[in-house]
Amino acid sequence: MGKLRVLIFNVEQGFCAFIRTPNDYTLLIDCGSTQSFSPIKYIAENELVGAKTYNGHKLTKFVLSHPHDDHLTDIERLKGDLSPGIMKRHIYNWDDVKTGDKDLYHNLDVYSGWQKSYNQSLSSTPDWGANIYHGESLTPEEAKLLGKGCFVNNSSISTFIEYKNWKISFHGDLESNAWIELLKNDNFKNSIANSSFFVASHHGHSSGFCKEIFQTMGKPHFNIVSANSGDESIEPSYSKPEYSRGVAYNNKTRYMFSTRSEGHILLEIDEEGKATFDFLKIDDNLVDGVFW
């Protein structure tokens, strides 16, 4: 059995994370990108050597936490170059998701049409070599009861990855009122408990912060946020010792790391249970800045 590799990309105020499991299967959470960098292109060229295929697919599974554009900008490349064997998502009334100019939803239209092809029951599931699960989430209709303006964020699907007594948790763009609702569910509370590394919801914005989550989860080793540098909406609590154990880095104790400040964040856990983190400098790979 090998190591767990988790790569959280710097895609400005979007999100995309790639996971290669100890048994060499692969998982993608969201598919944000920038005008100069495509995670899908990078993964296809650099992360799949020796990876196992699943039903003929190089990417085992794709999880879309929720269908907002900053989590979908690389959808054309995902569909064309790295289509997954499994797709995990909620199904929406797509017109409800389109709150602005309907002509500005190219990525959503590509995704909503494509995801219809993933309608078959699974005959088998991959042996990840790690425990990967999603816990409870609010359906779109349940999330609407908390407010129609934020129902897409609040229906975000969480993903939990456990390996060698470490747990990494991802939570899309959940906002504070959805956290409170989810904490009424014992299964969700058990899922999030003892998270070692917490990827803050809604990119680390204050709207996604919920102190009650930390009362249930405990203190992670550090929090990870993915908002733009200089974003005045970042919640300062993620950088405080009340909400993280902290780790030594560059002669300081750090309680939070940001993709916009540190770059692409790499977490690895080896087969002996040793966890390490690093920050990668990856060259831009889109010279023309075209999404599709």
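Here is a short chat about burial, a cavity and the nonpolar cores in a predicted model.

Local features need pLDDT of at least 70 and side-chain atom pairs count only at pLDDT 80 or more, while totals for chains, interfaces and linings use all residues. Residues are numbered from 1 along each chain as its sequence is written, and side-chain values use heavy atoms, with hydrogens and water left out.

Student: Is Ser191 buried or exposed?

Tutor: Buried means under 20% relative accessible area and exposed over 50%, partly exposed being in between (1.4 Å probe, protein chains only). Ser191 has a relative accessible area of 8%, so Ser191 is buried.

Student: Which residues is Ser191 in contact with, leaving aside neighbours within four places in sequence?

Tutor: Contact means heavy atoms within 4.5 Å. With those neighbours set aside, the partners of Ser191 are Tyr133, Gly135, Phe160 and Lys167.

Student: Which helix gives the most to the largest nonpolar core?

Tutor: A nonpolar core is a set of buried Ala, Val, Leu, Ile, Met, Phe, Trp, Tyr and Cys residues joined through side-chain atoms within 4.5 Å. The largest one has 57 residues, and Phe9, Leu28, Leu78, Phe198 and Ile213 touch the most other members. Helices are DSSP runs (H or I, at least four residues), numbered from the N terminus. With 4 residues, the top giver to this core is helix α4 (residues 106-114).

Student: Which residues does Leu78 touch, not counting those up to four places away in sequence?

Tutor: Leu78 is one of the residues that touch the most other members of the largest core. Beyond that sequence window, Leu78 touches Leu28, Cys31, Ile40, Leu59, Phe62, Ser83 and Trp114.

Conventions
Helix = DSSP H or I, 4+ residues; strand = E, 2+ residues; numbered from the N terminus.
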